Amino acid sequence: MTEYAKPIKRRKFNSDAAWGYAFIAAALLIFIMFTAYPVVSALIISFQDYKPLGSTFIGFDNYTETFKDSLFWKAIVNTIVYTLLTVPVSLFLSFSVSILILPFKKRMQTAFKAIYYLPAVASGVALSVVWLWIYDPMPEGIFNKLTAFFGLGTHNWLGSSTYAMFSLVLMAWLSSHGTSIIIYLAALLGIDGSYYEAAELDGANFFKKLWYIVVPCLKPTTLFLLVTGVIGSFQVFQNAYLMTGGGPDNATTMVGLLIFNNAFKYFEFGKAAAQSLILAAIIAGISVIQFKFLGKDVEY
Amino acid sequence: MALYNAHTGKPQIRIIRNTGIITVLLLFAAATIFPIYFMIISSFGEPVAAGSMDYKLFPTSFSLESYKFFFQFSPYTWRWLLNSLIVATTVMVTNVLFASMAGYAFSKIKFKGRAVIFSLMLVAMMIPYQVTQVPLYILIVNVFHIENTYTALILPGLVTVYNIFLAKQFMSSIPNEILECAKIEGCNQFQIYFRIILPLSKTVLAVMAILTFMDNWNTFFWPLLVTNSMDMQTIQVGLKSFKFANTTLFAPMMAGATISALPMFILFFSLQKYFLEGVTVGAVKG
């Protein structure tokens, strides 16, 4: 029997591994402290009647109370309404705009991309302050002048429960779609020209090409934007907080704002934690459903 | 050849079509930037209370009185800008540093638990911020007792998982051969990171720096929670304080909004390429 030389143990591996740990040490420490620990802590707090000195364990009370709370359900409905009204419209608008930008030279495309992206650069607080004045309830208000011009009368846009939600939705429609437009355009430029060529040989017109080539090719992009859009919309908080405060009569109270109020207005940390975890579960559920139903034939 | 018909031989049709498209695009653009336009032109109005407001769509007078008024509102207005600058700059630097280090380790160094730790971080990225906000607040205010300090404003943002992910994605595409070469030449891991990885990742790190700076300049929620005196507020929270104190002063409010947004506009127009690139860098490859 011949003796085979045993493979030399790789000393290099160990020192490399040590470097690896050293390189992630800072990031890992920050992650554990400010993300992982808070998540675990939120779970614990959600089962407590939280008090800074001595919380008491109260089981599922925070959860059952939340499910019995009519305001919570109203907030859920408001959030769903807001999402259904904003996300599909945003997708449609950014899809259309990216299609319209496509035939132009690169410099023109960049100019338009920059214009559409610009509002995303301004802070949400600044924009909400501006919109507050655009929606001035007096007849002199900019938006009231516009609606009066078209014979729609003047309204107290943010102050009436009929129009407050619509006002926030309109603001979302006219805010920046730059991100989605840029992502769509990048995907559009990635479609292989031979598809169009083949379609042209078969006599397809512009709309046929749009429907049978562009829409299917952009499906992964649409799915990505849809899922991230819905996730973002379910967490929406800032505009409602700054512009309507959730009012009037909780017509614009969305889940994000409800949690904020419970936590930092009424200091019911346990309830807020329970509601935030319910929100997380809802978001996860919706994302899974979206992937299941729409992601079937999407290749990554 | 392309989605659009070339209309070869019929240039008139193409010109008409393109003019139509540009008109639509410009109309949409006008609607999108109208609030910003309105904010800027209105900020040059006089700082008088809005009894019977007469809004103007085109500038008729030019006065900087409203800016003066905004800065005189509190002795801390300049401090707000400085606070925002300090916080955003610090968070930007730490993010680039820690995310690039972690990104390198996650993409190029083999160590036990690498995959587990990384996927744990990715999962955490999907948890909405509402979940962590209450425990974070308790941690900073009730445990560390550091509310109303720069530390409180900066700590939770030191490095984000998104940035680590971004760095890892990009660095994965750096060929291993280069790193092997460097190793044979006698570089240790730190030298590889510092001399090879960092220079090769310049673009993505620049994008990361800019977007992180912008996010933190514009952030409102966390500073609102952990500051309780005017001298520690950031410009965004300060703007909200101003809004609450002067609900009827239209032009000064617009001046304040303009001031809070202006640094980002300047940054955007001077580094536009990185902003626009930054959008796709995480989304398309991810």
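**Reading the A–B model**

Author: A:N250 sits in the loop between α12 and α13 of chain A, and, like everything discussed here, this placement belongs to a predicted model.

Reader: Why is A:N250 called partly exposed?

Author: Partly exposed covers the range between under 20% and over 50% relative accessible area, and A:N250 has 30% relative accessibility, so A:N250 counts as partly exposed. Its phi is near 60 degrees, a positive value in a residue other than glycine.

Reader: What makes A:D249 buried or exposed?

Author: Exposed requires over 50% relative accessible area, and A:D249 is at 63%, so A:D249 counts as exposed. A:D249 lies in the loop between α12 (238–244) and α13 (255–264) of chain A, and has a positive phi of about 55 degrees although it is not a glycine.

Reader: Which exposure class does B:V93 fall into, and why?

Author: With a relative accessible area of 48%, B:V93 does not pass the cut-off of over 50% for exposed and is not under 20% either, so it is partly exposed. B:V93 lies in helix α3 of chain B, and its C-alpha atom is separated by 41 Å from that of B:V24, the two being 69 residues apart along the chain.

Reader: How many aromatic pairs does the structure hold?

Author: Over all chains, the structure holds 57 aromatic pairs. In one of them, A:F23 and B:Y104, the ring centres are 5.4 Å apart and the planes stand at 80 degrees. The centres therefore meet the limit of within 6.5 Å, and the angle is over 60 degrees, so the pair is edge-to-face.

Reader: How do you know which chains the pair of A:F23 and B:Y104 joins?

Author: A:F23 lies in helix α1 (residues 11–45) of chain A, whereas B:Y104 lies in helix α3 (residues 77–108) of chain B, so the pair joins two chains. Both A:F23 and B:Y104 are buried. Ring pairs also link residues of both chains into a cluster, whose members include A:Y50, A:F237, B:Y129 and B:F220.

Reader: What makes the charged end of B:K240 count as sitting over the ring of B:F244?

Author: The charged end of B:K240 is 4.8 Å from the centre of the ring of B:F244, and the distance allowed is within 6 Å, with a further limit of within 35 degrees of the ring normal. The charged end of B:K273 likewise sits over the ring of B:Y274, 4.7 Å from its centre.

Reader: Why is the meeting of A:D16 and B:K183 called a salt bridge?

Author: The cut-off is within 4 Å between a side-chain nitrogen of Lys or Arg and a carboxyl oxygen of Asp or Glu; the N to O distance for A:D16 and B:K183 is 3.4 Å, so their side chains meet in a salt bridge. Across the interface of chain B and chain A, the rule finds one salt bridge.

Reader: What area do chain B and chain A bury between them?

Author: Together they bury about 8,600 Å², 80% of it on carbon and sulfur atoms. In chain B, the residues losing the most area to chain A are B:L3, B:F28 and B:Y55, together 9% of what that side buries. The contact takes 99 residues from chain B and 96 residues from chain A.

Reader: Where does UniProt place the feature "domain: ABC transmembrane type-1" in chain B?

Author: The UniProt record, an unreviewed entry, places that feature at residues 81–271 of chain B, a span that is 77% helix and 0% strand in the model, with its end C-alpha atoms 21 Å apart.

Conventions: Residues numbered from 1 in each chain as written. Chains lettered and ligands numbered in written order. Predicted model: local features only at pLDDT ≥ 70, side-chain atom pairs only at ≥ 80, totals over all residues. Heavy atoms only, no water. UniProt positions renumbered as here; feature names shortened; annotations may be inferred. Helix = DSSP H or I, 4+ residues; strand = E, 2+ residues; numbered from the N terminus. Phe/Tyr/Trp six-rings, centres within 6.5 Å; stacked < 30°, edge-to-face > 60°. Buried < 20%, exposed > 50% of the residue type's maximum accessible area, 1.4 Å probe, protein only. Contact = heavy atoms within 4.5 Å. Buried area = accessible area lost by both parts, 1.4 Å probe.
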